[in-house]
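Biologist: I should like to learn how the features of a structural model are read. May we take them one at a time?

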Amino acid sequence: MILPVYLYGHPILRKETKDIPLDYPGLKDLLDNMFETMYKADGVGLAAPQIGLEDRILVIDTDSISKDDPTLKGFKKVFINAHIIERDGEEQAVEEGCLSIPKIHEKVPRQFRIRIQYLDENLQPHDEVFEGYKARVIQHEYDHLDGIMFVDRLPGIRKQMIRSKLNKIMKGDVNCSYRVKPAPRK
Ligand code: NI
């Protein structure tokens with residue numbers, strides 16, 4: 001089932017998320033729906049707050065962008081109760097976008113390497129290191145679990161430049177090819 005993607009300005013995107021219990025009802029359906037929603041919107045990652053849930057769940061599939069970087073081929077993963085426990089390596093600024101911030105792409109500084117503990121879709125625990133673009137995608141989605149959006153990480157001057165576009169998104173003034181849910185009107 002394709003779910004609406006919550007847009008920048010919606011308060012749920014700013015909430016802290018919680019680890020899910022191991023008997024979380026309907027987990028498989030939820031993960032299926034997250035992938036389906038992500039694919040429909042041509043995304044490579046989706047975090048639970050983007051579909052209105054306060055759970056520490058994110059899904060990633062970078063296969064669609066693996067033409068430029070073969071290491072991304074077949075990189076399809078579920079991260080449940082994810083916790084990044086180390087980050088290192090030099091910061092690099094690379095262009096990112098976000099399904100909750102349609103049509104804005106900016107270079108976001110992030111560290112090169114992360115170590116993350118998480119459960120997979122079968123609730124098996126993992127402790128793994130990721131580097132490069134994989135680490136970037138994970139960090140982007142992981143930020144959503146902490147109520148952080150990529151535009152928060154831009155230099156002030158860049159954020160100023162996109163301020164009016166962000167204001168439009170906050171008002172629901174967007175033209176998207178996928179279902180979205182704008183912030184409630186004040
Ligand atoms: Ni995002």
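Modeller: We shall discuss the metal site, the nonpolar cores and the pockets in turn. Please keep in mind that this is a predicted model.

Biologist: Which residues coordinate the nickel ion, and through which atoms?

Modeller: A metal site is read from its donor atoms. Here the nickel ion is coordinated by the SG atom of Cys 98 and by the NE2 atoms of His 140 and His 144, at 2.1 to 2.2 Å. Along the chain, these donors follow the spacing C-x41-H-x3-H.

Biologist: Why does the pair Cys 98 and His 144 tie together separate parts of the chain?

Modeller: Cys 98 lies in strand β5 (residues 92–98), whereas His 144 belongs to helix α2 (residues 132–145), so the pair links parts that are 46 residues apart in sequence.

Biologist: Are Cys 98 and His 144 buried or exposed?

Modeller: Burial is judged by relative accessible area, with under 20% counting as buried. Cys 98 has a value of 9% and is therefore buried. His 144, at 1%, is buried as well.

Biologist: Let us turn to the interior. Which residues of the largest nonpolar core touch the most other members?

Modeller: The core has 21 residues, and those touching the most other members are Leu 27, Leu 31, Met 34, Leu 46, Ile 57, Val 59 and Ile 80. Two or more residues each come from α1 (27–40), β3 (57–61) and β4 (76–88). The largest share, six residues, is supplied by α1.

Biologist: What is Leu 46 in contact with, leaving aside its neighbours within four places in sequence?

Modeller: Its contacts are Met 34, Thr 37, Met 38, Ile 51, Ile 57, Leu 58, Val 59, Leu 99 and Glu 141. Another core, of 17 residues, lies apart from the largest one; among its members are Val 44, Ala 47, Leu 58 and Leu 145.

Biologist: How is empty space found, and what is the volume of the largest pocket?

Modeller: A probe the size of a water molecule is rolled over the atoms, which shows where empty space is left. The largest pocket has a volume of about 490 Å³. Of its 26 lining residues, Glu 96, Gly 97, Cys 98, Leu 99 and His 105 are the closest to the centre. Cys 98 is also one of the residues that coordinate the nickel ion. At least two lining residues come from each of β5, β6 (101–110) and α2. The lining comprises twelve nonpolar, eight polar and six charged residues.

Biologist: What lines the second largest pocket?

Modeller: That pocket holds about 190 Å³ of space. Its lining includes Gly 9, Pro 11, Met 170 and Arg 185, and divides into five nonpolar, two polar and three charged residues.

How values were computed. Residues numbered from 1 in each chain as written. Predicted model: local features only at pLDDT ≥ 70, side-chain atom pairs only at ≥ 80, totals over all residues. Heavy atoms only, no water. Donors = N, O, S within 2.8 Å, 3.2 Å for Na, K, Ca; no water. Helix = DSSP H or I, 4+ residues; strand = E, 2+ residues; numbered from the N terminus. Buried < 20%, exposed > 50% of the residue type's maximum accessible area, 1.4 Å probe, protein only. Core = buried A, V, L, I, M, F, W, Y, C linked by side-chain atoms within 4.5 Å. Contact = heavy atoms within 4.5 Å. 1 Å grid on protein atoms, 1.4 Å probe; cavity = no way out; pocket = protein on both sides within 12 Å on 5 of 7 lines; lining within 4 Å. Points joined across faces, edges and corners; volume = space filled by probe spheres on them. Nonpolar A, V, L, I, M, F, W, Y, C, P; charged D, E, K, R; others polar.
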